[in-house]
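Here's a quick walk through one structure, written for someone who would rather be at the bench. Have a look at the sequence and the 3D view first.

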Amino acid sequence: MAASCVAASELLNNIKQISALRPKASYAVRAVSTTSPQCHAQLPQRARSAPQQLVGVVGLEIHAQINSSTKLFSGAPVRFSAPPNSLVSFFDASLPGTLPVLNKRCVEAAVMTGLALNCAVNRKSLFDRKHYFYADLPAGYQITQQRLPIAVDGVLTYSLLGGKKRNQVMRKNVTIKQIQLEQDSGKSLHDDVRSQTLIDLNRAGVGLMELVMEPDMSCGEEAAAAVRELQLILQALGTCQGNMSEGQLRVDANVSVHRPGEPLGVRTEVKNINSIRYLARAIDYEIQRQIDVLQRGGTVQNETRAYDSKSGETLPMRDKEGLQDYRFMPEPNLPPLILYEDDASLPTGIDACQVVVVQKIKEGLPELPSVKRDRLVQTYGILPEHSFTLVNEDGLVDYFEAVLKATKKEPRKVIGWVTNELLGHLKQQDMSVCQSPISPSALAELLELQETGHISSSVAKQVFQEMWRSPGKTALQITQEQDLGLVSDTAQLHIICQKVVDSHPDEVHAIRSGNKKVLNKLMGLVQKETKGRADPVLVRAILQKKTS
Ligand SMILES: Nc1ncnc2c1ncn2[C@@H]1O[C@H](COP(=O)(O)OP(=O)(O)OP(=O)(O)O)[C@@H](O)[C@H]1O
Ligand SMILES: [Mg+2]
Ligand SMILES: [Mg+2]
């Protein structure tokens with residue numbers, strides 16, 4: 001391998017101090033609200049065809065850092081948050097005489113991703129140099145695939161929850177124009193106090209897959225759902241860890257507005273988006289901003305804008321490439337990248353370990369999120385929207401299946417506890433599933449108490465709240481300490497039911513005149529008296545007798 005690692009101290013001594021060249025990213029996190037233009041796809045048919053309505057058009061460019069132990073063209077390690085300039089080979093620092101050596105793992109990851117996104121994987125692709133001058137790109141060019149990328153013409157199918165109650169799963173497609181392999185740049189670190197910029201080359205040369213999507217989306221919500229699906233696919237494949245806040249997945253949103261049926265409008269490109277929530281907000285803000293500009297009689301400029309998560313606005317960064325000439329040219333130090341269909345198509349004398357065979361990668365593709373959702377629906381009889389929630393929330397499928405293993409309760413009865421009770425509590429406190437104070441086995445114990453008739457369903461919810469507040473206490477302990485067990489003493493229930501019947505003559509009259517639903521109100525009153533502990537089957541039977 002042509003490139004080797006330079007000692008960290010050596011490079012640290014040589015860190016260039018330069019004046020700030022790039023605008024700084026603003027990563028402060030604060031909830032902001034933005035105007036939220038309606039999704040074109042969700043507009044009623046009449047509004048959609050109304051000629052005067054301006055609608056948003058969104059196309060994403062996504063840079064996914066390839067999950068590989070070494071860089072794309074050098075043997076330097078890839079690691080997040082290592083000391084600055086400790087993971088830099090001579091090649092990454094562009095020392096004269098160094099040559100790129102293509103990392104097979106990165107090629108395999110791009111092929112795998114292309115196959116999972118239904119792309120045509122090119123048996124031959126080419127590398128090119130794209131020139132631009134930034135301090136964090138020491139060669140003065142990036143090696144990318146401009147003329148012939150590794151994969152083209154794919155499709156990403158994603159789903160949105162729509163309808164009045166947001167419980168209808170709506171499937172949508174976005175076309176993947178291409179996936180290209182390219183190098184990441186280094187990082188400029190801005191030191192405000194000393195008013196200088198330092199360069200960290202640890203990221204320089206890390207393998208990226210740039211996924212370019214066609215402008216098939218129309219609002220922030222659609223883009224957010226598509227990126228979430230892509231993130232789940234990449235994580236299932238293991239080709240990218242997909243953490244947006246750590247920059248492993250970086251999304252640039254191209255946004256324009258137009259009237260349906262007319263040519264697309266001028267686009268702006270929004271950068272600095274480091275979470276899916278901010279992506280949706282940035283896009284909706286930008287669509288609304290462009291609509292306002294046009295409605296005031298102005299024109300939209302073709303420019304790059306940065307999203308400021310503090311204010312929830314997009315702000316101009318610099319003019320777009322109209323002014324920039326990348327001077328693309330073929331990379332002379334890398335031959336065409338050739339892939340082989342299967343072992344039979346390997347030319348004689350070629351070692352199968354040295355090349356990438358597409359068929360082998362196809363055979364090794366893991367279960368993708370959409371297949372997982374279908375499997376969950378079929379195996380457990382749950383609704384599609386529930387499978388959607390389970391798969392989209394990190395760790396929730398495992399949690400759900402762990403609860404099922406420890407209880408005899410039917411999956412269809414467990415699912416509500418997991419997607420409403422548990423997830424509701426987690427969301428309220430901005431916690432992830434792995435941070436839940438209630439473990440799957442603790443929840444299973446609670447559900448068993450309910451299933452075996454020891455506690456009523458309303459008491460089970462009270463116990464759940466108490467378990468959330470006092471981690472470590474079991475459902476049984478709480479039930480015993482607070483005397484929440486089911487009251488099945490018929491004599492005692494008779495007395496309570498009689499009291500309720502005597503004090504509600506109008507309701508009793510209504511039931512006797514045929515309005516049987518009113519019985520539920522009386523049942524509710526009995527439960528109120530017993531703090532939800534009365535055995536509902538017994539109470540119903542007693543009340544029916546008393547009101548017949
Ligand atoms: N009118 C438009 N409105 C919204 N998005 C658009 C529009 N036209 C093109 N796009 C999107 O812009 C992106 C163009 O990406 P591409 O990589 O081809 O070019 P680029 O942005 O000029 O290059 P660079 O990689 O240097 O940013 C695509 O995601 C495409 O879907
Ligand atoms: Mg691009
Ligand atoms: Mg772009």
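What follows covers the domains, the ligand site, a few strands and one serine. Keep in mind that this is a predicted model.

**Domains**

The chain splits into three domains, listed here.

| Domain | Residues |
|---|---|
| Domain 1 | 8-13 + 52-330 |
| Domain 2 | 369-481 |
| Domain 3 | 490-546 |

Measuring from centre to centre over C-alpha atoms, domain 2 and domain 3 are 31 Å apart. Where they touch, domain 2 puts in four residues and domain 3 also puts in four residues. On the domain 2 side of that contact you'll find one nonpolar residue, three polar ones and no charged ones.

**Around the ligand**

Which residues sit closest to ligand 1? They are Gly59, Pro215, Asn254, Ser256 and Leu264, out of 17 residues that surround the ligand. By type, the shell around ligand 1 has eight nonpolar, four polar and five charged residues. Strands E2 (55-65), E11 (207-213) and E12 (249-258) each give at least two residues to this shell. E2 supplies the largest share, with five residues.

**Strands and how they pair**

Strand E13 (residues 268-271) runs parallel to strand E14 (residues 303-308), and three bridges link the pair. One place to look is Val270, whose bridge partner in E14 is Arg305. Put helix H5 (residues 276-295) together with E13 and E14, and you get a left-handed β-α-β unit.

There's also an open sheet of three strands, ordered E6-E5-E16, and its pairing is antiparallel. E6 (141-144) and E16 (329-330) are the edge strands; each has a single partner, so one side of each has no neighbour in the sheet. E5 (residues 128-131) and E16 run antiparallel and are joined by two bridges. Across that pairing, Arg129 stands opposite Met329 of E16.

**A closer look at Ser125**

Ser125 belongs to strand E4 (residues 124-125). Is Ser125 buried or exposed? It counts as buried, because 23 C-beta neighbours fall inside 10 Å, and the cut-off for buried is 20 or more.

Which residues does Ser125 touch, once neighbours within four places in sequence are set aside? Its contacts are Gln145, Leu148, Pro149, Ile150, Pro336 and Leu337. Arg305, the partner of Val270, is another story: Ser125 and Arg305 are 180 residues apart in sequence, and their C-alpha atoms are 32 Å apart in space.

Conventions. Residues are numbered from 1 along each chain as its sequence is written. Chains are lettered from A and ligands numbered from 1 in the order in which they are written. This is a predicted model: local features need pLDDT of at least 70, side-chain atom pairs count only at pLDDT 80 or more; totals for chains, interfaces and linings use all residues. A residue is near a molecule or strand if its C-beta atom, placed from the backbone, lies within 6 Å of it. Helices (H or I, at least four residues) and strands (E, at least two) are DSSP runs, numbered from the N terminus. Ala, Val, Leu, Ile, Met, Phe, Trp, Tyr, Cys and Pro count as nonpolar, Asp, Glu, Lys and Arg as charged, and the others, Gly among them, as polar. Two strands pair if DSSP finds at least two bridges between them. A crossover is right-handed if, with the strands pointing away from the viewer, the path from the first strand over the helix to the second runs clockwise. Domain bounds come from an automatic or database domain assignment. Two residues are in contact if their C-beta atoms, placed from the backbone, lie within 7 Å. A residue is buried if 20 or more other C-beta atoms lie within 10 Å of its own, exposed if 12 or fewer, and partly exposed in between; C-beta atoms are placed from the backbone.
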